[in-house]
Amino acid sequence: MNTPENMGAVILAAGSSSRLGHPKQLVEYRGKSLLQHTIDCVDDFGFNPSLVVLGAKKDEILPSINRHSSSVFINHDWSEGIASSIRYGLEKSLELNPLMKQILYLLSDQPYVSSAIIRSIIDNHVTGSQLITACTYKDNIGVPAIFDKSLFPELMTLKGDTGAKKIMMQHHKNVQTIPFDNGAFDVDTKDDIDKLYAINQK
């Protein structure tokens, strides 16, 4: 599955999983960790570049994953919040490909992300005319989402625990969306894990 030549992808996986107590990146789902599931989905495409941003618990997480075609970078400022990983991922992506024109951000705790969802985001972005292509779930807007290079400077200004949604809201007239109903489910607590396993046992 090919992507535009200069579209990059960043999997944000640097958080400490403080509410769970152990790395949610390594929670097993359908025979693999949540992070590995996301890496595998991304590997179906020819992103240039493709990278994973780790931070907290990196020594525990890194040996457990098969990075495939993705490069792994360690964000030592992960404790600032997700904005630091957004900035760091963009910075490293541009170092690897200075000609990058779009960037796709993904999280490592959305178990229902899939190659089909990623393909839909890419196709809609390529055929559309908006600066941002994002997912919608439960009357919300979020990632996975693609941002045009004209927004790279604004992504680099994000601070603290402010995610890319801030940029989406500031440019709401330049956002197109695709439905991803199950995108609202992410893993933050043990209850979330129990719900995930219960759903998949039905």
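Helices are DSSP runs of H or I with at least four residues, numbered from the N terminus. In this predicted model, helix α4, which spans residues 115-127, includes S115.

**Figure 1. Close-up of S115 in helix α4 (residues 115-127) of the predicted model.** S115 counts as buried because its relative accessibility is 16%, and the cut-off for buried is under 20%. The side chain of S115 forms a polar contact with the side chain of D44, at 2.4 Å. When neighbours within four places in sequence are set aside, the residues in contact with S115 are C41, D44 and F45. One of these, C41, is also listed among the buried residues of α1.

**Figure 2. Close-up of helix α1 and its surroundings.** Nine of the ten residues of α1 are buried, so this helix is largely enclosed by the rest of the structure. The buried set consists of L34, L35, Q36, H37, T38, I39, D40, C41 and V42. Helix α1 covers residues 34-43, and the loop between α1 and β4 (50-54) contains P49.

**Figure 3. Close-up of the cis peptide bond between N48 and P49.** The omega angle of the bond joining N48 and P49 is about 5 degrees. P49 belongs to the loop that lies between α1 (34-43) and β4 (50-54). As background to this view and the next, most peptide bonds are trans.

**Figure 4. Close-up of the cis peptide bond from V143 to P144.** Omega for the V143 to P144 bond is near 0 degrees. P144 is located in strand β8, which comprises residues 140-148.

**Figure 5. Close-up of H68, a residue other than glycine with a positive phi.** The phi angle of H68 is near 50 degrees. Most residues other than glycine have a negative phi. H68 is placed in the loop between α2 (58-61) and β5 (71-74). With a relative accessible area of 37%, H68 is partly exposed, because this class lies between the cut-offs of under 20% for buried and over 50% for exposed.

**Figure 6. Close-up of D139 in the loop between β7 (132-137) and β8.** Although D139 is not a glycine, its phi is positive, at about 60 degrees. The relative accessible area of D139 is 88%, so this residue is classed as exposed, the cut-off being over 50%. Strand β8, which bounds the loop holding D139, is the strand in which P144 is found.

Terms used: Residues are numbered from 1 along each chain as its sequence is written. This is a predicted model: local features need pLDDT of at least 70, side-chain atom pairs count only at pLDDT 80 or more; totals for chains, interfaces and linings use all residues. Side-chain values use heavy atoms; hydrogens and water are left out. Helices (H or I, at least four residues) and strands (E, at least two) are DSSP runs, numbered from the N terminus. Buried means under 20% relative accessible area, exposed over 50%, partly exposed in between (1.4 Å probe, protein chains only). A polar contact is a pair of N or O atoms within 3.5 Å; within protein, one must be able to donate a hydrogen and the other to accept it, and residues adjacent in sequence count only if both atoms are side-chain atoms. Contact means heavy atoms within 4.5 Å.
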